[in-house]
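I opened this model to look up its cavities, one helix pair, its disulfide count and one strand residue. My notes follow in that order.

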Amino acid sequence: MPSTCHLLCKYASVTSQTLGIYDYVSRQNSSFVLSVVGFLWKMRAVCEKPANQASNGSQMRLPCSFTTIHVAIVCAGYNASRDVVTLVKSVLFHRRNPLHFHLIADAIAKQILATLFQTWMVPAVRIDFYDADELKSEVSWIPNKHYSGIYGLMKLVLTKTLPSNLERVIVLDTDITFATDIAELWAVFHKFKGQQVLGLVENQSDWYLGNLWKNHRPWPALGRGYNTGVILLLLDKLRKMKWEQMWRLTAERELMSMLSTSLADQDIFNAVIKQNPFLVYQLPCFWNVQLSDHTRSEQCYRDVSDLKVIHWNSPKKLRVKNKHVEFFRNLYLTFLEYDGNLLRRELFGCPSEADVNSENLQKQLSELDEDDLCYEFRRERFTVHRTHLYFLHYEYEPASDNTDVTLVAQLSMDRLQMLEAICKHWEGPISLALYLSDAEAQQFLRYAQGSEVLMSRHNVGYHIVYKEGQFYPVNLLRNVAMKHISTPYMFLSDIDFLPMYGLYEYLRKSVIQLDLANTKKALIVPAFETLRYRLSFPKSKAELLSMLDMGTLFTFRYHVWTKGHAPTNFAKWRTATTPYRVEWEADFEPYVVVRKDCPEYDRRFVGFGWNKVAHIMELDAQEYEFTVLPNAYMIHMPHAPSFDITKFRSNKQYRICLKTLKEEFQQDMSRHYGFAALKYLTAENNS
């Protein structure tokens, strides 16, 4: 009688092939089913494990084919860098092979995607970048009306750009979604015969037939022509055929009458094919189901199991008109919001290239004691969080007078409503780290794109740090936001605070007045709070003092944590007209303006407690001078208690671990700064 495991494996093998991800994407709970299908693939992997492979009880891994699949993508700018992630997720979800992505990227995309893949740490995936800006001169002579601009022509020069020893590659547009294993497409290379060097799907609109409107005059093409959103390139043969010379001569000839391209590289590929039809192996149309207006794509499939690749090749993208667009949109949205951390799974039997960062991480984790009651706290310090920099368009040139200041803060989904208010109060650059899940990142994107206030600001850098683990990594978030500023100074704030109107310009003047460029100073912005959700924000210091006297405002945390801001000396501030110096005291945690080269926050502190205190202590240890600004202020707005402060208050072990980490931090300070740091231990004992 077969075992339960045997039956389950048999079911997994059959179901993972027939169910795929296709029949459920139009259902409401598609993400759940996607996870189920992922489990079935893993079960199938276990069943297919060779008999001589003993299970070691570790994470189940997908079986591996040793053939590395090469994929080339042209990606430039903020939006394309965001869009390409969904393509990559869909490829990673189905793949059973090592992958090598060749990314032709501009400086923006390279910065974003290099950080993303470095922090994603997906096994058996290699990334190489090629400078798109260096390739501009190769194609800039071609006038192009397509919305992709100059980057839409760069697939023409891949034979010259990619390594000379790379024989074949799959080329993809960023608006592609895979619904099957990319290895199936790679296998089509074996069907090429004779001089076939290009694998393409026929264009699924009447564009090249020239009958869409009166006087419509497209570039020459063979019949309906071919779509270049998915291309199989035999690079070695193309080089031998002198592809570079071939497409250039064709483009020069056709441009004499056409004057410009309408569909970028696609027009030139088709003009070459028109003259040399033997170059093409025509792929079945399910390898590039094109969802543009006037598409004939529904003729590519009879049911959902036929689908392989979906191509959103219309400027309208998800808003395109199509008979089955709701079905396709749900498939796309499933991967858009899919937890990318789940794609870190290993491929069974696949050798991964040695990764120094990964090896160091494993070594650090192995040195931790899993029986330590504070193990989870200590582990969080070494967790690598997937990070997507500049999630939205960013454009800012710092002021030329070297006085510019960036407001730095971090937040999670429950503080999103503060963004518009902060933007209204602070007109200068802002750097924000947002701690979100993949699904929440898309909610944030929709929220931001629907906000006139946020969309009118291009000087706000939004950096997504994806959720992982049970703690809120507050200091990691601060470090991410700090690291990606372009100004010489930064105002280290929190998302719950509204700066006074005009604070940005006031701080720039203070930077000059107090010679922050040449001195180690931390300029303190006094913090106040209100318990009212609706506040008539004070427009001057005099108005704020009046509200203090009336009990509408209070000094920050005066009733629960006086020590945190008491050294600011609010009594002196009331009448101060010039900046004044204050001394560090135990538990001091003011909000400060510092040079961008100040020390980072200590990552061992997560959630609630001591995360800012430790940073201010380190500034003092490095002999920063604390100077209070007499005409600056910020006000904390009320909100529901965070999950982390609730854990701190209700969980005794949480408080014990925080105390342990605090003591270890102080010991590290003593070792690093010597005799001068002993005062921190003394101050703590006396407080």
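For the entries on volume, I take a cavity to be a set of grid points where a 1.4 Å probe fits but cannot get out, and its volume to be the space filled by probe spheres set on those points. I note that the model is predicted.

**Cavities**

I looked for cavities of 30 Å³ or more and found three of them. The second largest holds about 50 Å³ of space, and the largest holds about 80 Å³.

I took the second largest cavity before the other. Its lining consists of Arg478, Leu492, Ser493, Pro590, Tyr591, Val592, Tyr601, Lys612, His615 and Ile616. Strand E23 (591-595) and helix H21 (611-621) are the elements that give two or more residues to this lining. H21 supplies the largest share, three residues. By class I noted six nonpolar, two polar and two charged residues in the lining of the second largest cavity.

Next I listed the lining of the largest cavity: Arg82, Val85, Thr86, Lys89, Leu336, His388, Phe391, Asp438, Gln442 and Tyr466. Here the elements with two or more lining residues are helix H3 (77-94) and helix H15 (438-449). Which of the elements gives the most to the lining of the largest cavity? I found that H3 does, with four residues. The class split for the largest cavity is four nonpolar, three polar and three charged residues.

**Helix pair H3 and H4**

I stayed with H3 and checked how it packs on helix H4 (residues 107-120). The two axes come within 9 Å and cross at roughly 35°. I recorded the crossing of H3 and H4 as right-handed.

On the H3 side, I listed Gly77, Tyr78, Ser81, Val84, Val85, Val88, Lys89 and Leu92 as making the contact. On the H4 side, the contact residues are Ile108, Ala109, Ile112, Leu113, Leu116, Phe117 and Trp120. These residues divide into 12 nonpolar, two polar and one charged. I also noted that Val85 and Lys89 of H3 appear in this contact and in the lining of the largest cavity.

**Disulfide**

How many disulfides does the model have? I counted one. Cysteine 374 and cysteine 657 form it, with their sulfur atoms 2.2 Å apart, and the cut-off for the pair is 2.5 Å. The link of cysteine 374 and cysteine 657 is left-handed, with -95° about the S-S bond.

I then looked up where the two ends sit. Cysteine 374 is in the loop between helix H12 (356-366) and helix H13 (375-380), and cysteine 657 is in helix H23 (residues 652-673), so the pair ties together parts that are 283 residues apart in sequence.

**Isoleucine 127**

My last entry is on isoleucine 127, which is in strand E4 (residues 125-131). Leaving out residues up to four places away in sequence, isoleucine 127 touches Phe101, Leu103 and Phe117. Of these, I checked leucine 103: isoleucine 127 is 24 residues from it in sequence and 7.3 Å from it in space, C-alpha to C-alpha. Phe117 I had already written down among the H4 residues in contact with H3.

Definitions and conventions. Residues are numbered from 1 along each chain as its sequence is written. This is a predicted model: local features need pLDDT of at least 70, side-chain atom pairs count only at pLDDT 80 or more; totals for chains, interfaces and linings use all residues. Side-chain values use heavy atoms; hydrogens and water are left out. On a 1 Å grid over the protein atoms alone, a cavity is a set of points where a 1.4 Å probe fits but cannot get out, and a pocket is an open set with protein on both sides within 12 Å along at least five of seven lines; lining residues have an atom within 4 Å of a point. Ala, Val, Leu, Ile, Met, Phe, Trp, Tyr, Cys and Pro count as nonpolar, Asp, Glu, Lys and Arg as charged, and the others, Gly among them, as polar. Axes are lines fitted to C-alpha atoms, for helices over the stretch in contact, and angles run from 0 to 180 degrees between N-to-C directions. A crossing is left-handed if the near helix is turned anticlockwise from the far one by less than a right angle, and right-handed if clockwise. Contact means heavy atoms within 4.5 Å.
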